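Reader: I have the sequence and the coordinates open side by side, and I'd like to talk them through with you. Where should we start?

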Amino acid sequence: MRLAVARETREGETRVAMVPELVARLSALGYQVLVEPGAGRGALITDDDYTAAGAIVHDQALESADLVVAVQPLDAHAVRRLRRGALTVSFLPATQELGLVADLRDAGVTALAMELVPRISRAQSMDALSSQSLVSGYRCAIVAAGLLRRFFPLNMTAAGTVQPAEVVVLGAGVAGLQAIATSKRLGAVVRAYDVRAAAAEEIRSMGAKAIELDLPTLDGAGGYAREMTEDRAALQRELLTPFVARADALITTAAVPGRRAPVLVTAAMVEQMGPGSVVVDLAADSGGNVEGVVAGEVVRIGHAQVWGGRNVPAQMPGPASRLYAQNVLNLVTLLTPETDGVRSLDPDFDDEIVAGACVTHEGVVRHEPSRLALE
Ligand code: NAD
């Protein structure tokens with residue numbers, strides 16, 4: 001069995017889907033590991049590192065592969081290089097990439113999407129959304145601390161007392177909780193808000209103060225948030241305004257699966273923030289939680305510098321790749337069951353995890369929303 005590690009082709013993608021440390025684990029499953037030349041360069045992993053770990057660096061890695069692992073979806077050119085029946089594992093935002101889904105279907109490729117792996121306890125070790133959100137949340141807090149021209153922690157010195165920075169975090173899922181934990185470790189006073197009922201307790205368990213608004217909670221399916229009505233959104237913005245106005249740093253991480261990011265903060269709210277304040281919007285890639293944010297840029301709104309995150313995990317490619325590769329290895333292990341002492345690439349499409357992650361298989365689009373959109 002041949003497993004190929006793809007070289008990422010999307011602009012700005014620095015991560016790689018497999019790291020040398022895990023090559024031996026793939027070999028133990030029965031895979032010969034092929035790596036496209038330069039695949040690890042963005043994550044500072046050389047071809048020699050892969051070779052030393054037992055992989056083969058090869059130009060034609062994709063053509064001969066039974067299984068291809070990648071971070072971003074393969075491009076149309078790469079799909080044409082795959083053999084019929086090959087399997088791919090990558091992030092694949094299917095409904096936003098319908099042309100590619102059709103290409104994968106027509107090429108007879110079985111495509112599994114990491115973001116569709118169900119968030120059940122058995123699949124926790126394969127949960128790449130969580131592992132990459134951990135990286136993003138940490139990075140957001142570090143960016144906020146770096147942009148802010150003042151201390152995060154309290155300092156009591158002979159030259160006087162320096163007050164700690166006040167950080168407000170909106171959205172306390174995996175990334176938001178990590179942003180809270182990192183800001184706390186740096187010594188800031190942190191307040192946070194999330195629409196889910198369980199969030200206040202989770203915020204407090206990180207040592208932050210939960211902002212409790214006189215609004216109903218919005219719990220949706222699978223532990224995610226529900227979308228707000230426009231009336232509720234307007235009221236939430238009004239109630240959050242004084243918290244935003246007094247923050248030195250505002251970090252926003254709110255998302256609703258499959259939807260544009262909710263606008264939690266208007267430009268008028270940012271204009272009430274003080275001189276030197278900073279805003280870090282992790283949701284900029286999906287439309288932004290902050291009105292006026294631009295993904296990949298720092299813009300000024302009022303006194304505040306507003307930083308828009310673009311592919312934030314790729315800003316820490318080494319650790320992000322290691323975590324992602326471990327998620328991929330755990331999924332590949334599930335796809336490679338052992339029968340009579342022999343392992344083979346034989347995914348069980350009745351398994352909830354495989355079925356949930358499957359976008360295309362045997363010339364059919366299995367991901368229902370994409371199939372309907374393609375009809
Ligand atoms: P996400 O990235 O979809 O959203 C980030 C956060 O934004 C969520 O906490 C959400 O409630 C919040 N949000 C949405 N709309 C908002 C609004 N209008 N105002 C304020 N906040 C808003 O979510 P996520 O971080 O991937 O995970 C969300 C939940 O799922 C968390 O409770 C997490 O612990 C849970 N989870 C469970 C598993 C598992 O069981 N295996 C795995 C990962 C996450």
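Author: Let me begin with a definition: a residue is called buried if 20 or more other C-beta atoms lie within 10 Å of its own, and exposed if 12 or fewer do. Please also keep in mind that this is a predicted model.

Reader: Fine. With that in hand, how many of the 20 residues of α6 are buried?

Author: In α6, 14 of the 20 residues are buried, so the helix is largely enclosed by the rest of the structure. Ala128, which lies in helix α6, is a case in point, because with 26 C-beta neighbours inside 10 Å the residue Ala128 counts as buried.

Reader: And the span of α6, what should it be at 1.5 Å a residue?

Author: The 20 residues of α6 should span 28 Å at that rise, and since the end C-alpha atoms are 28 Å apart, the model agrees with the expectation.

Reader: What about packing: how do the axes of α6 and α11 cross?

Author: The axis of α6 and that of α11, the helix of residues 317–335, come within 9 Å and cross at roughly 165°. That angle makes α6 roughly antiparallel to α11, and the crossing in which α6 passes α11 is right-handed.

Reader: Then α7, where do its axis and that of α6 stand to each other?

Author: Those two axes, of α6 and α7, come within 7 Å and cross at roughly 40°. This makes α6 oblique to α7, and here too the crossing is right-handed, as α6 passes α7.

Reader: Switching to the ligand, which residues come nearest?

Author: There are 28 residues around the ligand, and of these Gly171, Gly173, Ala225, Ala254 and Ala255 come nearest. As for helices, α6 (128–147) and α7 (174–185) each supply at least two residues of the shell around the ligand.

Reader: What is the shell like by class?

Author: The shell around the ligand has 16 nonpolar, 8 polar and 4 charged residues.

Reader: Now backbone oddities. What is the phi of Asp340?

Author: Asp340 has a positive phi of about 50°, although the residue is not a glycine. Most residues other than glycine have a negative phi. Asp340 sits in the loop between β16 (338–339) and β17 (342–343), and because only 4 C-beta neighbours fall inside 10 Å, Asp340 counts as exposed.

Reader: And Glu362, where is its place, and is it buried or exposed?

Author: Glu362 belongs to the loop between β18 (358–361) and β19 (364–365), and its phi, near 50°, is likewise a positive value in a residue other than glycine. With 12 C-beta neighbours inside 10 Å, Glu362 counts as exposed, given that the cut-off for exposed is 12 or fewer.

Reader: Last topic, distances. How far apart are Gly296 and Gly308 in sequence and in space?

Author: Gly296 and Gly308 are 12 residues apart in sequence and 5.4 Å apart in space, C-alpha to C-alpha. Gly296 is placed in the loop between β13 (278–281) and β14 (298–301), and counts as exposed because it has 12 C-beta neighbours inside 10 Å.

Reader: What about Ala128 and Pro275, or Asp340 and Arg149?

Author: Ala128 and Pro275 are 147 residues apart in sequence, and their C-alpha atoms are 38 Å apart in space. For Asp340 and Arg149, 191 residues apart along the chain, the C-alpha atoms are separated by 63 Å.

Note on methods:
Residues numbered from 1 in each chain as written. Predicted model: local features only at pLDDT ≥ 70, side-chain atom pairs only at ≥ 80, totals over all residues. Near = placed C-beta within 6 Å. Helix = DSSP H or I, 4+ residues; strand = E, 2+ residues; numbered from the N terminus. Nonpolar A, V, L, I, M, F, W, Y, C, P; charged D, E, K, R; others polar. Expected span 1.5 Å × (residues − 1). Axes fitted to C-alpha atoms, helices over the stretch in contact; angles between N-to-C directions. Parallel < 35°, antiparallel > 145°, perpendicular 65-115°, else oblique. Left-handed = near helix turned anticlockwise from the far one by under 90°.
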